[in-house]
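Subject: Structure handover

Hi,

Here is the structure I promised to pass on. Please open it alongside this note.

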Amino acid sequence: CRMGSVSSGAVQPTWVPFGSTVAHRRRLHFALDVYDSTWSSRLHQPTYSLGELINIEASVSTDPRLPLRIFVDECVASPSAAAWLKYEVIADNG
């Protein structure tokens, strides 16, 4: 014989991890920048030939207490966002 109330509802956690709270309440700002061959200055309108080395930096701005890593699976280059012609810059999960 059971006494009291029985519910089939899911158990709710009594705490939320700090990292989840910060990530949920703040926006993350992602950037993809292209640098010259010495990594000393950012290029604003770079032009490259097929097969030429490209120095790309992917970054995210966030609270320093919430360290994040960026993993780039793929990246393509094209003359414009609407162009059908695309070249793979990063492929096969980096």
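Below is what was found, starting with the overall layout and ending with a loop.

**Layout**

Please keep in mind that this is a predicted model. The protein has one helix and five strands. Along the sequence they run α-β-β-β-β-β. The chain counts 94 residues, and 12% of them are buried. I also looked at contacts between residues at least 6 apart in sequence. Of these, 34% join residues at least 24 apart.

**The largest pocket**

How much space lies in the largest pocket? About 580 Å³. Strands β1 (29–35), β4 (75–77) and β5 (87–90) are the elements that each give two or more residues to its lining. The lining has 19 residues in total. Nearest the centre of the pocket are Tyr-48, Ile-54, Ala-77, Ser-78 and Val-89. By class, 13 of the lining residues are nonpolar, four are polar and two are charged.

**Asp-33 and the salt bridge**

How many salt bridges does the count give? One. The partners are Asp-33 and Arg-42, and their closest N and O atoms are 3.4 Å apart. In general, side chains of opposite charge can pair when their charged atoms come close. The pair also appears as a polar contact between the two side chains, again at 3.4 Å.

Asp-33 sits in strand β1. Is Asp-33 buried or exposed? Its relative accessible area is 16%, under the 20% cut-off, so Asp-33 counts as buried. Arg-42 comes out otherwise: at 42% it falls between the 20% and 50% limits, so Arg-42 is partly exposed. The bridge therefore joins a buried residue to a partly exposed one.

Leaving aside residues up to four places away in sequence, Asp-33 touches Arg-42, Asn-55, Ile-56 and Glu-57.

**Tyr-35**

Tyr-35 also lies in strand β1. Its relative accessibility is 17%, which is under 20%, so Tyr-35 counts as buried. Which residues does Tyr-35 touch, not counting those up to four places away in sequence? The list is Ser-41, Arg-42, Leu-43, Tyr-48, Asn-55 and Glu-57. Tyr-48 is worth a second look here, being one of the residues that lie nearest the centre of the largest pocket. Arg-42 comes up again too, as the salt-bridge partner of Asp-33.

Glu-57 stands 22 residues from Tyr-35 along the chain, with 7.7 Å between their C-alpha atoms. The side chains of Tyr-35 and Glu-57 make a polar contact at 3.3 Å. Asp-33 touches Glu-57 as well, and Asn-55 is on the contact lists of both Asp-33 and Tyr-35.

**Asp-73**

Where does Asp-73 lie? It is in the loop between β3 (55–61) and β4. Its relative accessible area is 45%, between the 20% and 50% limits, so Asp-73 is partly exposed. Asp-73 and Asn-93 are 20 residues apart along the chain, and their C-alpha atoms are separated by 3.9 Å.

**Where to look**

If you have only a few minutes, start with the pocket lining, including Tyr-48 and Val-89. Then turn to the salt bridge between Asp-33 and Arg-42. After that, view the polar contact between Tyr-35 and Glu-57. Finish with the C-alpha pair of Asp-73 and Asn-93.

Best wishes

Methods: Residues numbered from 1 in each chain as written. Predicted model: local features only at pLDDT ≥ 70, side-chain atom pairs only at ≥ 80, totals over all residues. Heavy atoms only, no water. 1 Å grid on protein atoms, 1.4 Å probe; cavity = no way out; pocket = protein on both sides within 12 Å on 5 of 7 lines; lining within 4 Å. Points joined across faces, edges and corners; volume = space filled by probe spheres on them. Helix = DSSP H or I, 4+ residues; strand = E, 2+ residues; numbered from the N terminus. Nonpolar A, V, L, I, M, F, W, Y, C, P; charged D, E, K, R; others polar. Buried < 20%, exposed > 50% of the residue type's maximum accessible area, 1.4 Å probe, protein only. Contact = heavy atoms within 4.5 Å. Polar contact = N/O pair within 3.5 Å; in protein donor to acceptor, adjacent residues only side chain to side chain. Salt bridge = Lys/Arg side-chain N within 4 Å of Asp/Glu carboxyl O.
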